[in-house]
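Biologist: Before the terms of a structural description are accepted, each should be set against its definition. May we proceed in that manner?

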Amino acid sequence: MTSPNSGLSSYAATEARSMIAGALAMLVYASLVLRVMFKYKPPALLVSTYLIAAWLVTSFGLWFLVLR
Amino acid sequence: MVIKFKLSALRRTRWYEIVLRFLFGGLATIATGIIAKLYGPVTGGLFLAFPAIFPATATLVEKHVKEKKKKVHIDGVNRSRSAVALEARGTAMGSVGLVLFGLLLWRFLVDRPAWLVVLAASLAWLITSIVLWELRRLIRGRFSTFS
């Protein structure tokens, strides 16, 4: 039996599954920012913006390998 | 550093800094909705964990620490950038909590009440993040005792 909201729940559950990949990419991103900031001490805006590329590569890499 | 609520920090935060965070967060939410609509929930879900607020927050933390040090005539560039690194460490720990949050939603959202699952997952995120921070503090404390 399916409830009227089961479609919505299923949609949200699918998004949540992808969010796990996004969160793992966030972990990689934050770890990289941490390392670069401690080691080289560059301006924060520069590092935190450029390293978004690392988030994109990791999340879409996981999407390609696991979620697609 | 022990985790605690510090209401005085709110007084130091200017209104436009809060607006800025809401703006970036709001824009990321809208963008995620559009991406999910165009490419489906599998792709859209990725962006639920997009680092939208972090660059703005990191910049503000850097600015605050620099200003604080400037008041006592110290060049706070290094200190401010170390503060950003610490902010990133907290973010990394929060990300582990977010993985657990997503895992619980994914597994239980379909056959259990949504409010209960979201509540449980939020608590799991909070507990995981705090436990990781405290665990790191304990391990660091133990090692520094022996060094």
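Modeller: H2(B) and H4(B) are roughly antiparallel to each other. The model is a predicted one, in which local features need pLDDT of at least 70, side-chain atom pairs count only at pLDDT 80 or more, and totals for chains, interfaces and linings use all residues. Residues are numbered from 1 along each chain as its sequence is written, chains are lettered from A and ligands numbered from 1 in the order in which they are written, and side-chain values use heavy atoms, with hydrogens and water left out.

Biologist: Why are H2(B) and H4(B) called roughly antiparallel?

Modeller: Helix H2 (residues 15–39) and helix H4 (residues 54–71) of chain B pack at an angle of about 160 degrees, their axes 10 Å apart. Angles under 35 degrees count as roughly parallel, over 145 as roughly antiparallel, 65 to 115 as roughly perpendicular and the rest as oblique. The pair is therefore roughly antiparallel. The axes are lines fitted to C-alpha atoms, for helices over the stretch in contact, and angles run from 0 to 180 degrees between N-to-C directions. Helices themselves are DSSP runs (H or I, at least four residues), numbered from the N terminus.

Biologist: Which residues make the contact of H2(B) with H4(B)?

Modeller: H2(B) contributes Tyr16(B), Glu17(B), Leu20(B), Arg21(B) and Phe24(B), and H4(B) contributes Ala56(B), Thr57(B), Leu60(B), Lys63(B) and His64(B), where contact means heavy atoms within 4.5 Å. By class, five are nonpolar, two polar and three charged.

Biologist: How are the axes of H4(B) and H5(B) placed?

Modeller: The axes of H4(B) and H5(B) come within 8 Å and cross at roughly 145 degrees. This crossing is right-handed. Eight nonpolar, three polar and six charged residues form the contact of H4(B) with H5(B).

Biologist: What makes Gly45(B) a buried residue and His73(B) an exposed one?

Modeller: Buried means under 20% relative accessible area, exposed over 50%, and partly exposed in between (1.4 Å probe, protein chains only). Gly45(B), in helix H3 (residues 41–46) of chain B, has 0% relative accessibility and therefore counts as buried. Gly45(B) touches Glu15(A), Ser18(A) and Met19(A), not counting residues up to four places away in sequence. His73(B) stands at 75% and so counts as exposed; its place is the loop between H4 and H5 of chain B.

Biologist: And why is Leu103(B) called partly exposed?

Modeller: Leu103(B) has 35% relative accessibility, and therefore counts as partly exposed. Leu103(B) lies in helix H5 of chain B.

Biologist: What is notable in the phi of His73(B)?

Modeller: Phi of His73(B) is near 60 degrees, a positive value in a residue other than glycine. Most residues other than glycine have a negative phi. Lys41(A), in the loop between H1 and H2 of chain A, also has a positive phi, of about 50 degrees.

Biologist: What makes a set of residues a nonpolar core?

Modeller: The set must consist of buried Ala, Val, Leu, Ile, Met, Phe, Trp, Tyr and Cys residues joined through side-chain atoms within 4.5 Å. The largest such core has 25 residues, and those touching the most other members include Tyr29(A), Val33(A), Trp55(A) and Phe54(B). H1(A) gives the most to this core, with seven residues. Val33(A) touches Val47(A), Leu51(A), Phe54(B) and Ala88(B), not counting residues up to four places away in sequence. A second, separate core of 12 residues includes Ala16(A), Ala23(A), Phe101(B) and Ala121(B).

Notes: Helices (H or I, at least four residues) and strands (E, at least two) are DSSP runs, numbered from the N terminus. Ala, Val, Leu, Ile, Met, Phe, Trp, Tyr, Cys and Pro count as nonpolar, Asp, Glu, Lys and Arg as charged, and the others, Gly among them, as polar. A crossing is left-handed if the near helix is turned anticlockwise from the far one by less than a right angle, and right-handed if clockwise.
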